[in-house]
Amino acid sequence: MAQTAYKGTWVKISDTILKVGERAPNIPAETAKVPLVMHLNGFLLTDEAQLGDRATIETLSSRIVTGDLIEINPHYTHSFGRFIPELGEIGPHLRKALEKEVEK
Amino acid sequence: MTAYQSVMARKNEIMKKAVGIDYDRFELEGCAFDYERMMREVGYSLDEIKGIQQRTRVGRTPLIELRNINRLIKQISPAGKGGRLFLKDEAANPSGSFKDRRASVSVYQAAKLGYKGVIAATSGNYGAAVASQAAKYGLKCIIVQETFDSRFVGQPEIVEKARACEAFGAEVVQLSVGPELFYYFLVLLEETNYFNASLYTPFGIAGIETLGSEIGEQMKDLTGEFPDYVVVTHAGGGNLTGTARGLKRVGAERTKFIAASVDLRALHMASDVDFNRKSFTTGHTGFGIPFATFPDRSDVPRNAARPLRYMDDYLMITQGEVFYTTEMLAQLEGLQRGPAGNTSLCAAVALAREVPEGTTLVVQETEYTGAGKCPTAQLTFAKSNGIEVRHGRREDSVPGKNILIPRNPEELGYERVDMDALRASYIKQVIKQYQKTRFSETEIAFLQEDCRIDRQTLEHLTEKV
Ligand SMILES: Cc1ncc(COP(=O)(O)O)c(C=O)c1O
């Protein structure tokens, strides 16, 4: 994967919004002990930045925001998942139930 | 004062500028405010909304009878029982859910008032709806979503929403788990001066009324009558409130409104650990119960979604049952739709087996489906988070530990939420918020309306809490 991004590249930055200790009162302990972190995509404004560098971007709503460069040309990887046997049998089973009714 | 505290302290001021509504005008006394006046003066008439929605191709979705599922219901119902299900196919809206109805009026309002952009805090379908509408009106759009836990593992359904928002040209601010999302939302409102396209303004709720009125009219056309039941996937309460108001507007006085949520009561909504232990990001009790018992917890001073005013019954089902029903809809009716939207279908199938033959039940919406937002994706994700997925019955279901898939349709059921217990916790919240137990006549009248109970029941419940 490319380590350097140049001005105009679509990138993802990360920034800490609230540090541990600055978080709201009355949140569960497991949430209080980690910072509130933001990820944001945009076009790189900095001339050149390496992964991990501070970098400034222009977002899709034209805001200028600075954070740590964490991804270059970020893309989506969510999928349809794997085959789930318990689901796979539902369709055939229900269709059989209706076929039987037609035979009767 | 920390940055967090000082921003939170300016909350009301920021919100007033960001929604263009002076809510103080509708306050009556103590806990009471004039709900109908707010809806009348701030919202739009049904015809105005229809006009707004037609221009952006929102609404007027098909309503169809689920003939094959109805045959199945007959098979598994006792003699003389077995209702007829009808489905309102809201996935046919531009961004794939009924949320377009809400967004259409909010974004129209933002454009009319001259705002340069809109912001919404949502991890769900509403983000895509606002983004789509903003594209049509040429407004800038920011969607703030709670996306991932502290390992930066994102909920697949929410990640899919981010993709959809970006596809419509919106900026997506993705945050880790925590209620301080609201703090950052306020920061962004102050920075941009954009319109808060809140889910809970009178605009948003008025936008849903057309869903109710269309159901009324379409059922009249198909069956000659208004439906006996409308089953509604319930979370923040706008869906139920708007739909019920719309049906009442066209004269459906006897229709009963049944809320349905996935039971996730065991999981904490602000927990970094529980976040990825759930397979549903909406239509569950984590929103459904708190928003019914304390609607004004929302991002506006007075929430226009007030579900207890319209809810006749509230049924909870399991995650596994909804996945089962999602397969049923695809394989028997040829309609592949998203699981969260099928929450109401799932409850409706179980309910249909108990009602007299010929009873009509409208499943009030569907949502789009796709990568990240379909049973196989969500169950694969569940397994990767240590959730056990297997066959099993609803009684053994433990949210956050297992997801149990029924073996056959007879195993679909529900657990009823005690409506009086819900009302009692509403009253408890009012007592806590307003620090009093004695209420004026105006307040009593308001509480009766907001809980839909008579005076005697109100007194009885107040005494109990
Ligand atoms: C598809 C779908 N159905 C139902 C709901 C619940 O609506 P509400 O939050 O208004 O109760 C939502 C949103 O949360 C949704 O996206």
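**Figure 1. Packing of helix H3 (residues 35–42) of chain B against helix H10 (residues 202–223) of chain B in a predicted model.** The two helices pack at an angle of about 85°, with their axes 9 Å apart; axes are lines fitted to C-alpha atoms, for helices over the stretch in contact, and angles run from 0 to 180 degrees between N-to-C directions. H3(B) is therefore roughly perpendicular to H10(B) (angles of 65 to 115 degrees; under 35 counts as roughly parallel, over 145 as roughly antiparallel and the rest as oblique). B:Met38, B:Met39 and B:Val42 of H3(B) meet B:Pro202, B:Phe203, B:Ile205, B:Ala206 and B:Glu209 of H10(B), where contact means heavy atoms within 4.5 Å. By class, this contact has seven nonpolar, no polar and one charged residues (Ala, Val, Leu, Ile, Met, Phe, Trp, Tyr, Cys and Pro are nonpolar, Asp, Glu, Lys and Arg charged, and the others, Gly among them, polar). Helices (H or I, at least four residues) and strands (E, at least two) are DSSP runs, numbered from the N terminus.

**Figure 2. Packing of helix H6 (residues 99–112) of chain B against H10(B).** Here the angle is about 140° and the axes lie 7 Å apart, which means that H6(B) is oblique to H10(B). The contact involves B:Arg101, B:Arg102, B:Val105, B:Ser106 and B:Gln109 of H6(B), with residues of H10(B) including B:Phe203, B:Ile205 and B:Glu214. Its residues divide into five nonpolar, five polar and three charged.

**Figure 3. Surroundings of B:Thr61, in the loop between helix H4 (46–55) and strand S3 (63–65) of chain B.** B:Thr61 is buried, with a relative accessible area of 3% (buried means under 20%, exposed over 50%, partly exposed in between; 1.4 Å probe, protein chains only). Leaving aside neighbours within four places in sequence, its contacts include B:Arg101, B:Glu214 and B:Gln218.

**Figure 4. Helix H13 (residues 319–333) of chain B.** Its end C-alpha atoms are 21 Å apart, in agreement with the 21 Å expected for 15 residues (1.5 Å times one less than the number of residues). Of these 15 residues, 13 are buried, so H13(B) is largely enclosed by the rest of the structure. B:Gly334 follows H13(B) and has a positive phi, near 70°.

**Figure 5. A:Ser62, a residue other than glycine with positive phi.** Phi of A:Ser62 is near 70°. A:Ser62 lies in the loop between strand S5 (54–58) and strand S6 (64–72) of chain A and is partly exposed, with a relative accessible area of 37%.

Residues are numbered from 1 along each chain as its sequence is written, and chains are lettered from A in the order in which they are written. In this predicted model, local features need pLDDT of at least 70, side-chain atom pairs count only at pLDDT 80 or more, and totals for chains, interfaces and linings use all residues; side-chain values use heavy atoms, leaving out hydrogens and water.
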